[in-house]
Every structure is written in C-alpha cells, then in structure tokens.
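Trainee: Before we discuss any details, may I ask you to show me the sequence and the structure? I should like to ask how the terms used to describe them are justified.

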Amino acid sequence: MEQKKIWQSFGELNQSEAFNKDVKDEFKEELTFVAEDDKSFLEAKAPRRDFLKYLGFSTAAAAAAASCEMPVRKSIPFANRPEEIVPGVSKYYATTYVQDGDVVAVLAKVRDGRPIKLEGNDLSPVTGGGTSARVQASVLDLYDTARLRFPTIDGKEVTFEAADMSIGDAIKGATGAVILTSTVTSITTKEVIAQFLAKFPGSRHVTYDAVSYSGILQANELTFGKKAIPSYMFQNAKAIVSLGADFLGTWLSPVEFAKQYANGKKINEQNPAMSKHIHFESVASLTGSNADEKFLHRPSETAAIAAALLSAVKGSEISIADKKLKEGIEKAAKSLIANKGAALVVSGSNDVNVQVIVNAINDAIGAYGVTIDWASTLNYRAGIDADFVKLVEDMNAGTVGALLIHGANPSYSWFAADKFNAGLKKVKTSISFNTKLDETSVLCKYVLPDHHFLESWGDAEGKSGYTSLIQPTINPLFKTRQWQDSLLKWSGAAADYSAFVKTYWSAKVGGETGWDKALQVGVINPSAALAAVKGSFNSSPVSAAISAATSGKKGGPVEIVLYEKIGIGAGQGASNPWLQELPDPITRATWDNYVVVSPKMAKELVKIDLNNNGQADAYEVNPPKPCVKVTVNGKSIELPVLIIPGTQENTIGIAVGYGRSENIGKAAAGVGKNAFIFAGLSGATVSFSADATVTATGEKYPVALTQTHSRYGTAQGNRTEVMKELSLAEYMANPKEILNDREEELKPYGGIEKYEGQGSMYPVYNRPGIKWGMSVDLNSCNGCGACVVACSAENNVAVVGKPEVLRGHEMHWLRIDRYYSGDMENPNVVFQPLMCQHCDNAPCENVCPVAATNHSTEGLNQMTYNRCIGTRYCANNCPYKVRRFNWADYTGADSFPDNQEGIVNDVVLNMNDDLTRMVLNPDVTVRSRGVIEKCSFCVQRLQEAKLTAKKDSRPLEDGDLKVACQQACPTHAITFGNANNKESAISKVRVDNPNRSFYVLEQLHVLPGVTYLAKVRNAEEEKEAKAGKTEEKKAEKA
Amino acid sequence: MSCSYHIFAAVNGYFSTPEPPFVNMISYRSIAKTLILSAVLLLGSSFAMNLSAQDGKTLFSTNCAACHAVNKRSTGPALAGVEDRWPDKTKLHAWVKNSAAFLKTGDVYANNLYNEYNKTAMNLFPGLSDKDIDAILAYIKTVPAPGADKPAGSTAPVAEGDNSLLFGVLTLVLAVVALILLRVNSNLRKLSIERSGEETEAEIPFWKHKSYIAFIAVVLFIAGGYLTTKGAMGLGRSQNYQPVQPIYYSHKVHAGTNQINCLYCHGGAQEGKHSNIPSVNICMNCHMNINEYKGEKIYTEEGVEVDGTKEIQKLYKYAGFTVGKPFDASAAKPIEWTRIHNLPDHVYFNHSQHVKAGKVQCQTCHGDITKMDEVKQFADLSMGWCINCHRTTQVQFKDNGFYSIYEKFHQDLKSGKIDSTKGITVEKIGGTECQKCHY
C-alpha cells in the first residue's frame, strides 16, 4: 500500500533537523557525568570525584536508613466488624456521578470503607457502562483538601444548628427568595425545591448553566411547544451532520452519544457499512476530528450554513461564497436526503434561530421519531438565559431578599460577573451550598457545604424515564450536610432527605424489597423500551428564524470561539490534578488554556511559518510559545498561542474553565485565564463567539505540550508506520490491502503465519495456560481520554505537575497519540491509544542489567519495581516509548523525607497529603524515585480474576475481568482477555477482523500482545489527491 | 528489515525465556556463599559443620514440625523410633511423599495409623527426595529422648567447638610455618645472591611489602564482603519476633487445647488478602460465657505465670462488658495488637490464594501455632523462603477446575512425560514469576 503521509508534529511533517535529532534520544536530559569535548573529566559539570562522593554518601545513607530498627506496627481490628465487610476485599456499590447537569450511572469500588475507583454501570441502558474522563477523576474530588470542612457565617466556623437558627430567622422575613442552581436532574430534589417554594410564597427557582443550552430549549418551545431537549439516537442515523456540536466530547451527554455513535462506526468486515458523519466547525474539536469529512467556517456563518443546508435539503440552490464550504453543504444535504428517515442534524449553537432552522432540517429529513425521539427528553441542561438575566436585574434592583445557591457559580462563569457580584451584595441573605469556596461562595454570607456525591443520597434522571440512584459509599469526611436536607429543614419537613428519597422511590418500585433491589442495581428503567415519539413540528416560526438569523452583521476580520475542554469543562475539572494533567485530545496540552490559531493565522500574527523548518522547529521544540493579547468588547486577556491545523483561518479559540480562584484547590491556582468574560448576550441567549482583535505581545509563555514527547524514529520503523488508516471506499475496493501489505513485508520471514518462528533466532515459547491479549478498535476510539484517567486512578499513576510535564516527565501509562494526515489547513485526525504492548520478544527485557523487567508465561511484560535500579536502558530500547521513569519522588514513597522540597511543585505535594492519598489503590505499589514503570495490563485485576475462578474451581471466563481502560471506555473500543481461549472475546475479535488487524511496528519482530484494528473513514476518493498534494509540497521545498 | 535489537538481544537474550534463569538467583547466591565460605575456610577460620544434620533439621522444621514432634504425640505420631516401626525404608519413603497413594496400596500398618489418627490425612510431600527424607530421619535419631541425661547433647556442641578450634589452631600453625619457610627461602636466596657478588636491594619489611598488603587486603575484602552481604540479607527480617501483646492471648489454649478452628477467628484468610485479626465481638461470642480460665498453668516467655482470668477481664474492658449484663457490641473499643508478620509494601500476598485455592495449612507458614502461648514469627518471610515453597508445592491441579485449561500438562501427566510424584508445582504454572507477587 502506498503509505499515506501521517504525521504527529510539524517537525515530523517537514522532517526537520530538530525532529530527527529529537527522535533519536529517549530522554531530553544530557548525561550528568559526561565531560565537555575539550575538557578533562575532572572539569566536567559533575566529575568522577563527585560521582564517587555521591556513591559513597548514598551507600552510607542507605545503610544508615536500612539499619534502623524495625518499627513496631499495630494491627487494629474492628471493634465490631460489620458482617459484609472483609478487610482487603473490595465491594462495589451502585451510585451515580452527578456534576451540575451531567449524569452517569456508576459503580463505586469501595475498599476498606473508602471509594477508590468509579466504574461504569453496565445496567444503565443510557451509558451502557461507559464513563468519561471527568467521571473517572471525580473520585479524587472526594479527597480534595480544598473542600469546605464546616459551615460558616461571614467566614467564621459555626455549627449547622447555629446556621439553621440564623438562616431560619433571616429567611422568614425575606421577600422574593430565589433558589439558584445548575440544572437539577433529580426528581426528589425538584420535589424538595417545590416544597420550599410553597412554604415561602414569592420565591422562585432559577436554573443557570455555565455553558447554556437555552437556544435548543427555546427553539423546541417554539417548534414543538416543549421547553425540553428530545433524545438523540445517533445509533439510528446513517447520515450525521453536526453544525459545531461537540457531541463526543462536551455536548449534552457525550458518554451516551459516544456509545451510540460508535455503534454506527464499528464495522463488520464481511459486510462493511458505516454511518457518514459530516462536520462543520470553526475550531478543531474532538467530534470534528472524528468526522468522516470536516469543513471549516467562521462562527458568524453558522446561521447562514444552517439556512443553506435547509434549502439544500429541500432541493433549492444555495448561495455560499466559499467554494469549499458550498461543496460541503451540498455534500451534507445529499447525504441527508439519501438517508432520509435515518439521518440526523445537531447543532452546538446557542442561537434560538439556528436551532429552529436545525429543527426544520430534521423535520425535512424525517429525523423525528427515528433519530430524534420525543418519548423521553434529555434533562441534562434546563437553564434559560433570560431567566438568569432577569435574576441579575432583580438582585441589582434589590427585590431578591434571599439567594440560595447550589452548583451555580456565576461570579466565575457569567460574562458580566461584576454585575452579578454587585447584585449579590444587595441580597440580604445569601447562602451557598457549594462544596468549595468558589468565586461565588466566597461572596455569600452563609456557606453550608454540601456532601460530595459519593457521600450523598439522591437520584438523577438524566433522560426522562431512566433514573439512576445515588447512595453514599463513605461516611461524610467533613462537617457537611446535603443541601436538600437544609431546604427540607427550613421548609419545616420532618423527614430528612434520605428518608424522603426512600419513601418516594419505594412507592414507585414496589416497597422496601423493590427499593433494596433498585438500590443494588442502581438504575430504574422503563419496563419496556419506550416507543419512539415523533412530536408535532410547527413550521411557522421557521421563516422568521431564517430571516432573523441570516440578517445578522458580517463577522470582523478575526472571530473568537469559546469552547469547553473534555477534562475541565466549564471549570468543574479545574481543581482536579488528574484532569489538568490529562492532555487535551486535540492540542495535547496540559495545565493551561491558550489561544488556538490556524497555521495561516500564525504566519501573520506571530510570524511562524510552519513550512519553514527553522521557524516550525523553534516553535515546536521550545516550550515557550509566543503570547498574544485578545480583546473583545474592551475586555482583554493575554495568552500563549498554539497552532492547531483544522482551525478556520480567521478564527481563534480559547477554552473556558480556566483562571479559577485558588480557593478551589492547588491544581487550579494560577492555571490559565478566564475566557468566559468574552461571552455576551446575542438577543436573549448567551453567545460564545464574538468579534475579536488579536495582537502579538512579544512575550513568551511555556505550555506543557506532550505531543512532542515519546517520539521515536529509526531506520527500523518510525512513526509513519505506527498508524494505519484508510477510507471505506478503499477498503471496499481492496479489503485485504492491509493484510497483503503485512504478508508482503513479512515474506522474507515466512509470512505472517511463520513470522514468529522464522523472524528471529529465538525459540518460540509455549504459553500453556493463559495468554493475555488486547485489541483496540481505532474505529470506535474517539480519543476522549477516559481510559487515561481510569488508568491513573487504578494504577496509582503519579501526577507530576506542569514543570515536570514541560521536561517530558509525565507518567501516564497510557497515552492517546494524535495523528494528522492530509493537508496542513484541514487534516484528518486519528487517535491511537498506546500503552505497553507486552511484546513477546520485548527489546526492553533484553537490556535490563538486573532483570527487573522480564516475561511471564502468561505473556505479560513484567516490571518489578523493587528490583529496578533505574538505568533506563529499557525505556531507551522501547520502540513504543511507553516506559516512564520516576525522575523525582512524586509519591513520597522514598525513605528520605526531604527530597521533595523544591523539586516537585505544590500540586504534587498536595497529592501526597494524607487525605488525598486515601484514593490510592492498595493493591498496587506506590513507586518511589528512580524506577521505571509502565502499563501492567492491570495485573492486579488479572490476578484477582484468576483467584476468583480458582476459588470457584472453574476456568477463567471473559466476564471475570475488565482492565481499567477497557472498563472506562464509553465505546467499548478495547477488548481484553485470554487469547488462548478460542471462545474469548479477544480471540473472536482477532478472528473476525483479519483484514483490519495490525500490530504496531510489527516488522521489528517484537511480537506485541496488542492488536489494533485499522481506522476506516467513511470519506471519499479525494484522499489520494490530498496525499499527493503534500508530496508535491515536500518536493517543492526540497 | 534489519534487526538492530537482536544484536544485543543475543547477549542478554536468555532473560526473556519463559522460565527465566534469574529465578535461580537463590541458588546462585548459595553457590556464591559456598565459594566465599570455602575461601574463608582456606584462610584459616574454620566453619566446619555437619551439613547433612543441619539439612535434616531444616527440612524437619519446614516440613514436619507443623504436625509432628520427635518425642511427643501431636497432630501426627511422635517420630522417635520411626525407623524401627517402619523396617522397610522404601515404604517409608513412599508414605512420606504421598501418603494418600500409599494408603491405597492397602498397607496394614499405614491404614491402622490412619485410622488411629481419626483419618487425618498426612500432607503430601512430593518435593522431598529420598535423600531429604533420609536426612530428616538422621536428624530424628540425633534428638535425645526427654528425661534422658543428655550425655550426647551436652558434649556434642563442645566437640564441635573443639573441632573448629583445632582446625583454626592447625591452620594458624601451618600459616606460621609457611611464613617462616618463606622467610628462610628469601634469606637463603639473598645469601646466595650476596655470595655471587651482586648488589642487593634494601630489604623491604613484610608490613610494607606489596604482596603481603595485597594479600591481607584481599582477605579483608572477602571476609568483609561476606559479613556485609549476610548482614544485609538479614536486614528487615524478623524471624522469631515475639512481641508482648496488650492481652496475653494464648493460641495454645484456644487452637491447641480447645481445638478451635483457625478460620473461626481468622475467617478473612479464606476470603481475601488479609487474614484478619478477629474483632472484639468475635471474641465475645465465646467469652460472654467463659469468664475465667481454669486450664493448665500458663507462662510468659520469661517464665512468669499468667492469670488467665485476669486476661479475660482485660478483654471485657475493651468490650465494655460486665458479667451478668447483656453485651453491647457497639460500645466495644478495638484492641491495638502488635503486628507480627510484616511484608514489605512491594509484596502482594493474598491469604485466600494460599488457604482456599492452594489448600495450604496455616501451620506451613505460621509454624506450630497450636503450641505457641505467645505467637512468634515462625518463618523468616524472605523471598527465598517463598520461592522455595513455590518450587516444591503442588497446585490442586486435578481437583481445581481452573487448571483444566492447561491441557498440555494434563496430557503430559497422563503420558508420564511429567513425573506424577513431582506433579504440577506452583513454579510450573508461573508461580515464581515476578508479577505474581510484585505489582
């Protein structure tokens, strides 16, 4: 096969000098003991004498440390052991992740009384057991040292009784009390609020979402008479058109949509058929990167595109100036019409008119009742912008007597925060129920901290009819109280909230036993799947919407788009170190927000021409990036620039959720800038795009990008061969393309069949019992990063902080590589999760001088920390660059107490706090400084599963285990199991997909244990032309 | 495609074999030890010892002592005079290695013995060779009968000490003689050179002589190295650790005299990683009614008599219990026991793996707990100790359905390719690989 040009970085695309130098070395650091060329060894930075000194000292120190007397350890059993608790055995309790409006049914793994890991609940038909990075990371929030530990009045600690007394008096006299919350998905909480409102006449409930979906809600009210969002059914869609909706990453319910979407993307090799997804966007998003075809436009053109798509779908001619864009719209329309009745259009716009037009398109293509279902609504977002605007006005007018805030943080996320804050000062009784002293809570008189969801009772109905229950998995760590309890108390109810929830649901599910059962499974589903409801579409507002939407003024020379990052969201993840250190799937940056610009704009703005080797290298190799000043409506912030192909040339993007108050945690302190200030009202809804002016400041600021880390290139195999991607058309024409390629490449060694034996001088070893194997379907994987965080949580992977990421010291055992193919302005993007490949002929094993890494009979590449002496030969010899070295004592596991000071930053030290350490998995060693670590295939889970089978005296089955990344994946892209068992899922995947299976760097004869299924993109022929163009460009340069 | 990896792979390649030789580390170490030992012996300080008796003693205490005493009936019969009772040594060998199989041969004596001991089957020891068993038998013979006047016992250590002293003195004498001869030799040579009229170099005194210095340095280095290594290996190990506990709790009284099953209190051992220390409410299940101790006199390790009833009172204090009143478990306070068995953090050990899946007796690792008033650490809990057991212990290969996937081993067992007396050991299915215990 003519290899397509696939590249990870600009240096790779250009084959620059710096790139070629960089890929030769595993580690950036020079060796300490090497003398400079012309100087003698003694004059080196650290000469031999120093070395001997260090050696002598460390030997003496180790001896001194080791010869200390054995400490006396206590073993303190329970005084009265609960029958169901066995020390050292984990229990799983069904509960629900709730964060503002987000709902994901989960199981909490509780070990010796503390939850340490969340796993998706397979019994939920909404998520199907999937999770997201944020769900995985939320368990760490429970042990956040920045959580509020007691109630306060005016910042002084009080008891709940005292607070109740004080508030009780204040509230009675208040007129116009307002409960301000983020979207409430809990039925019982809504009841509690209703009771409170009934008790206090003149009070009301206002819902505020940091990232508003007001546009959809209001459009549906206009066209369907319901202020609600219908269910989307991506799995039923053969053609999907998204107008800037990042539904795989951040839009509404990404876990649910990712699962549905992957359904249409998984292909059967015998009869390949895929959904077709065409994406329109301004700034590269996760969903856009996964699209089959992607078209770029300016944010101000959104309405015009929607209108044009509507007329194209109806068969009329369209007039769009941009030729590419016009083609794209026609193509999208063609695809939608061809799949009428199985097509779907979604839009991420918060403009009511755009959403009305989108509804009209969906009506025209017969989406309602098939791909959009009114039988159950999505309740994840319910805030109406106008309501909140009115609240702010009322507050400033002094007509709000009491404000009770839960989940909402307008002082941070409302674009006119000053106005809100001014109004808040005029509210006599302001009460915050937030778990941390966030930007809003700090301004409130009363702060009555709420439980973390893992300490709470409750329910959540993200999708109507599908309820997920919340039960506490740990006793409250601090003096906190569920906010519903406060409301109940103040409205004079006798029962507390837990009793309230129980009474409410017991009545619905058949009494006490029904309740117990429901609590055990965690979800309450409709007895039969609900029949799809079409709804009645009212087309009368459409024409008005079109004229209103398209009459808007043209955008200026530069436009800005605010977007959410997968980990940080609207700022909820900012204080979570796991999420801060999770590289953004697109930019691969950690610990910051920045201005995303296109290569073309970069050329003008910061004078970096990516086709110029020197400039591209200077930009890419050095962490400090040029800064720009972005001004919108007189407000401005300065941020560094990242050049991201796939961004519209006149558009810049900035992620919201950064620039949070340091009160919410060490991880958030000083990280990024708040971009919410650039939002504004457009009509009655908040708009997250605007005209902007951008000027280079000449400053530089380091951004911790992981993209250029872990690169590798030798004559034996460089990155271009790691990834295999082809279009559906190519696949249909020649399904055996990849297989034949492999066959041909391995021909000198006897072909694929005999390669293991003939490709090497080593003998072939039997694997008598179990042979662990993994397969990753690149068609299903969308790069969301849930697996990365799950891996960190399961395996105690250390957080290293920004300064260390800058030095390439990040510790993630599993990374998701981003590959580009095609042209620089709008390339295709492919994601590839890469973890230790557990090679059966592993190059790392051969070079370890102390045999700290070696092979097991089960096919595991074992890493033994206590034997490792840290030569790093293995990492240097690993062709996949998946081994990680503990450069510093990130975990506090060393025996020397003072070797963290001044070396690791506050965030890392905070991760070593006694409270935070409660999240550690006790089955996995906490690694100390100076050892290599890497993916172990979650060996602790494998061992546990084997033991379970042994105790039951039966062979191991697929259902016995899931590795952490596999469990977390919302699209089930990862299959894992015993490859020796013909009946196992992993064997079946390999047998069923001979054409797409490949091993990464197979030609090295390292015999990896992980198979990948090649990415097939439902794009058309033009690919060839694109690849050709790149070649031409290269030829020109040469 | 060139294979750059394979070049150095060839050098170190053997590390990646499925049964990596590094697991033999222990034996290498012992070889090294032996080498150093012989060197040291050569150098004069004699460490003479009776290796086979030593072996027999070790083998006895690791394999037999849990159930057998030499002179006292225990779980199994007293072993003194066993060879008189079993005149046919081959039968005895067969019995020890696989008592179940031997019973099936219908041997009358064996079956009587089996019945006499309430049909308690003796553990299988397929890992013991005939030589090992003979060593154990030899050791049994050397143990004096109780009450006998210990004539052998009292003289033996002296004799041993005499021997090494004798060897030491002899070596020293020989060394002095050698030194004198060397001096004589060099003096003679000097004389002959002087005779021939050549000039002689000034004589270097032997304490400044490079060869002597080098020789002494090497000796010191080897001796120092040996002692350091030995000391380092012992660091962090605490065999025979026997702390004083907050309550004098006698395992001998509970598990020995009163025959309470270990798992009654330590039920966690078959369910999970930890063999939990029982909570106060478990103690109170029995001690609500058992208020005083009336058994044999009990003593601390120092020989001080203990008042059992007082110790029960201590328990009541923790439990918040007064005799005659109902017991309220929620009022109980936990007891802070001192932990005896400590493993390093990087070792994963799961009790249920051994107790439930492996069907290993508690006594195998914890010693004859039914005889310990105060518990002490029986095994050294070193890695060598773990590995050695994994090498010789068989898994429940035929009885446990999990192992049905090892089809090849089953065939080989049937066809005799694998020695059925040795069977499938833990090592054979990968039980000595690093990531079985370290992750």
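The conversation below takes up domains, the chain contact, a helix, and several strands and sheets in turn.

Mentor: Please keep in mind that this is a predicted model.

Trainee: How is chain A divided into domains?

Mentor: The domain assignment of chain A gives five entries: domain 1 (6–24 + 710–1017), domain 2 (91–142), domain 3 (152–212 + 383–524), domain 4 (214–378) and domain 5 (556–705). These bounds come from an automatic or database assignment.

Trainee: What makes domain 1 and domain 4 of chain A count as being in contact?

Mentor: Two residues are in contact if their C-beta atoms, placed from the backbone, lie within 7 Å. By that criterion, 20 residues of domain 1 of chain A are in contact with 18 residues of domain 4 of chain A. On the domain 1 side, α23 (728–733) and β46 (1015–1017) of chain A each supply at least two residues, and α23(A) gives the most, with 3 residues. That side has 8 nonpolar, 8 polar and 4 charged residues. The centres of the two domains, taken over C-alpha atoms, are separated by 35 Å.

Trainee: Which residues and elements form the contact between chain A and chain B?

Mentor: Chain A contributes 59 residues and chain B contributes 64 residues. On the chain A side, β2 (74–75), α28 (843–847), β39 (853–855) and α31 each supply at least two residues. The largest share, 6 residues, comes from α31(A). By class, the chain A side divides into 28 nonpolar, 22 polar and 9 charged residues.

Trainee: How do you know that β2(A) pairs with a strand of the other chain?

Mentor: Pairing requires at least two bridges between two strands. β2(A) and strand β3 (residues 337–338) of chain B have 2 bridges, in the antiparallel sense, so the requirement is met. Within this pair, Lys74(A) stands opposite Thr338(B).

Trainee: What is the secondary structure of chain B, and what percentage of its residues is buried?

Mentor: Chain B has 18 helices and 3 strands. Of its 439 residues, 20% are buried.

Trainee: How do you know that the span of helix α31 of chain A is close to the expected one?

Mentor: Helix α31(A), residues 939–951, has 13 residues. The expected span is 1.5 Å times one less than the number of residues, and for this helix that gives 18 Å. From first C-alpha to last the helix reaches 18 Å, so the value agrees with the expectation.

Trainee: Which residues of α31(A) are called buried, and what do they pack against?

Mentor: A residue is buried if 20 or more other C-beta atoms lie within 10 Å of its own. Among those of α31(A) that are buried are Val939(A), Arg941(A), Leu942(A), Glu944(A) and Lys946(A). The buried residues of this helix pack against β36 (772–777) of chain A together with α15 (351–357) of chain B. After the helix comes Ser953(A), with a positive phi near 55°.

Trainee: Why are β43 and β44 of chain A said to stand at the edges?

Mentor: They belong to an open sheet of 4 strands with mixed pairing, in the order β43-β36-β45-β44 (chain A). β43 (974–978) and β44 (997–998) each have a single partner strand, so one side of each is left without a neighbour in the sheet. Elsewhere in this sheet, β36(A) and β45(A) (residues 1010–1013) pair in the parallel sense over 4 bridges, with Ser775(A) opposite Thr1011(A). Helix α33 (residues 985–992) of chain A lies across β36, β43, β44 and β45 of chain A, running at about 120° to β43(A).

Trainee: What makes strand β12 of chain A largely enclosed?

Mentor: In β12(A), residues 276–281, 6 of the 6 residues are buried, so the strand is largely enclosed by the rest of the structure. Lys276(A), Ile278(A) and Phe280(A) point one way, whereas His277(A), His279(A) and Glu281(A) point the other way, and all are buried. Strand β11 (residues 239–243) of chain A runs parallel to β12(A) and is joined to it by 5 bridges. Ser242(A) stands opposite His279(A) in this pair.

Conventions:
Residues are numbered from 1 along each chain as its sequence is written. Chains are lettered from A and ligands numbered from 1 in the order in which they are written. This is a predicted model: local features need pLDDT of at least 70, side-chain atom pairs count only at pLDDT 80 or more; totals for chains, interfaces and linings use all residues. Ala, Val, Leu, Ile, Met, Phe, Trp, Tyr, Cys and Pro count as nonpolar, Asp, Glu, Lys and Arg as charged, and the others, Gly among them, as polar. A residue is buried if 20 or more other C-beta atoms lie within 10 Å of its own, exposed if 12 or fewer, and partly exposed in between; C-beta atoms are placed from the backbone. Axes are lines fitted to C-alpha atoms, for helices over the stretch in contact, and angles run from 0 to 180 degrees between N-to-C directions.
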